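Student: I should like to work through this structure in a series of questions. Could we begin with the charged side chains and then turn to the nonpolar interior?

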Amino acid sequence: MSSLNPFQQEFIEFLVRSDVLTFGDFTTKSGRQTPYFVNTGMVRTGSQMECFASFYAQSIAERVGDDFDLLFGPAYKGIPLVTSVASCLAREHGIDRGFCFDRKEIKDHGEGGMLVGSVPVDGNRVLLVEDVTTAGTSIRETVPKLRATADVELAGLVISVDRRERGTGDRSALDQLSEELEMPCIAIVTVHDIIEFLHQREIDGKILIDDEIRARMEQYLQEHGPRDHTV
């Protein structure tokens, strides 16, 4: 019997069926050899993005509520994500908020600036939405852009999967980011949830995490996971 709620189970099934979550041999940006990979760039159709964003919207409605003024998505993958999440929040939960995203380069014509969309003003509580955060690099790079624009408060960060990997110390990267930026960090599911739900479970007739894959994933987490026993 899984300890995950039906919403989380449906989300993991969505990740598998859309090929966002795959298993095998991969190399992360940091050079680590990992037995699984989360690539939200595989969300490629309108229906997939609507479904993906709907999971975010439900998580936000349940765990954050309407206690924020603005949604922000870091370029590039955060751009379609924040747009779709804002639409789902308004349509499905009656939470109608502005959204914005950043540019990789400063635009010196037209409206100019580093941010596009509903630009924050002093006092705004900004909720960040990101696909996957391994080291927190993109968030650390974009928060200063927000704060250079206005005196904002960070309402939190919502991501799809917490890989439960160490940051620069012994704590998980997500926990470290939460402490550094003084905001809650919410993941729809963790890698431990994925292991628990998919181990020896058939999805469309195929078992994705057998005993061998599970052992490899647990070994990877043993090597690269947090050392503060927070899992």
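Student: With which side chain does Asp102 meet in a salt bridge?

Tutor: The model is a predicted one, and the distances below are computed from it. In this model the side chain of Asp102 forms a salt bridge with an N to O distance of 3.0 Å. Asp102 lies in strand E4 (residues 98–107) and its partner in helix H4, so the pair ties together parts that are 43 residues apart in sequence. The partner is Lys145.

Student: Is Asp102 buried or exposed, and what is its relative accessible area?

Tutor: Residues under 20% relative accessible area count as buried. Lys145 is partly exposed at 21% relative accessibility. Asp102, by contrast, is buried, with a relative accessible area of 3%.

Student: Which residue forms a salt bridge with Arg91?

Tutor: In this salt bridge the closest N and O atoms are 3.2 Å apart. Arg91 lies in helix H3 (residues 78–93) and the partner in helix H2, so the pair ties together parts that are 41 residues apart in sequence. The partner is partly exposed, with a relative accessible area of 42%. It is Glu50.

Student: How many residues apart in sequence are the parts tied together by Lys77 and Asp131?

Tutor: The side chains of Lys77 and Asp131 meet in a salt bridge of 4.0 Å, N to O. Lys77 lies in the loop between strand E3 (70–73) and H3, and Asp131 in the loop between strand E6 (125–129) and helix H4 (137–149), so the parts tied together are apart in sequence by 54 residues.

Student: Which of these two residues, Lys77 or Asp131, is buried?

Tutor: Lys77 has a relative accessibility of 41% and counts as partly exposed. The other residue has a relative accessible area of 10%. The buried residue is therefore Asp131.

Student: How many salt bridges does the structure hold?

Tutor: Side chains of opposite charge can pair when their charged atoms come close. Salt bridges also link Glu13, Arg17 and Asp204 in a network. For the structure, the number of salt bridges is 16.

Student: Which helix gives the most to the largest nonpolar core?

Tutor: The largest nonpolar core has 51 residues, and those with the most contacts inside it are Phe23, Ile60, Leu71 and Leu198. The helix that gives the most to this core supplies seven residues. It spans residues 46–63 and is helix H2.

Student: How many residues are in the second, separate core?

Tutor: Among the members of this second core are Leu70, Leu157, Leu181 and Ala187. This core is separate, and its number of residues is 19.

Student: How far does H2 reach from its first C-alpha to its last?

Tutor: H2 has 18 residues, and its reach is close to the span expected at 1.5 Å a residue. Its buried residues include Met49, Phe52, Phe55 and Ile60. The buried residues of H2 pack against helix H1 (6–17), E3, H3, E6, strand E7 (153–162) and strand E8 (185–190). From first C-alpha to last, H2 reaches 26 Å.

Student: Which residue just after H2 takes a positive phi?

Tutor: A positive phi also occurs after H3, where Gly94 has a phi near 65°. Just after H2, the phi is about 75°, and the residue is Gly65.

Student: Which residue in E2 stands opposite Phe23?

Tutor: Strand E1 (residues 21–27) and strand E2 (residues 33–38) run antiparallel and are joined by five bridges. Phe23 touches residues that include Pro35, Ile194, Leu198 and Met217. In E2, the residue opposite Phe23 is Tyr36.

Student: Which residue takes a positive phi in the hairpin of E1 and E2?

Tutor: The hairpin has five residues between the strands. The positive phi is near 95°, and the residue that takes it is Gly31.

Student: How far apart in space are Val38 and Leu115, C-alpha to C-alpha?

Tutor: Val38 is found in strand E2 and is buried, with a relative accessible area of 11%. Its contacts, leaving aside neighbours within four places in sequence, are Val20, Leu21, Val132, Val161 and Arg163. Val38 and Leu115 are 77 residues apart in sequence, and their C-alpha atoms are apart in space by 27 Å.

How values were computed: Residues are numbered from 1 along each chain as its sequence is written. This is a predicted model: local features need pLDDT of at least 70, side-chain atom pairs count only at pLDDT 80 or more; totals for chains, interfaces and linings use all residues. Side-chain values use heavy atoms; hydrogens and water are left out. A nonpolar core is a set of buried Ala, Val, Leu, Ile, Met, Phe, Trp, Tyr and Cys residues joined through side-chain atoms within 4.5 Å. Buried means under 20% relative accessible area, exposed over 50%, partly exposed in between (1.4 Å probe, protein chains only). Helices (H or I, at least four residues) and strands (E, at least two) are DSSP runs, numbered from the N terminus. Contact means heavy atoms within 4.5 Å. The expected span of a helix is 1.5 Å times one less than its number of residues. Two strands pair if DSSP finds at least two bridges between them.
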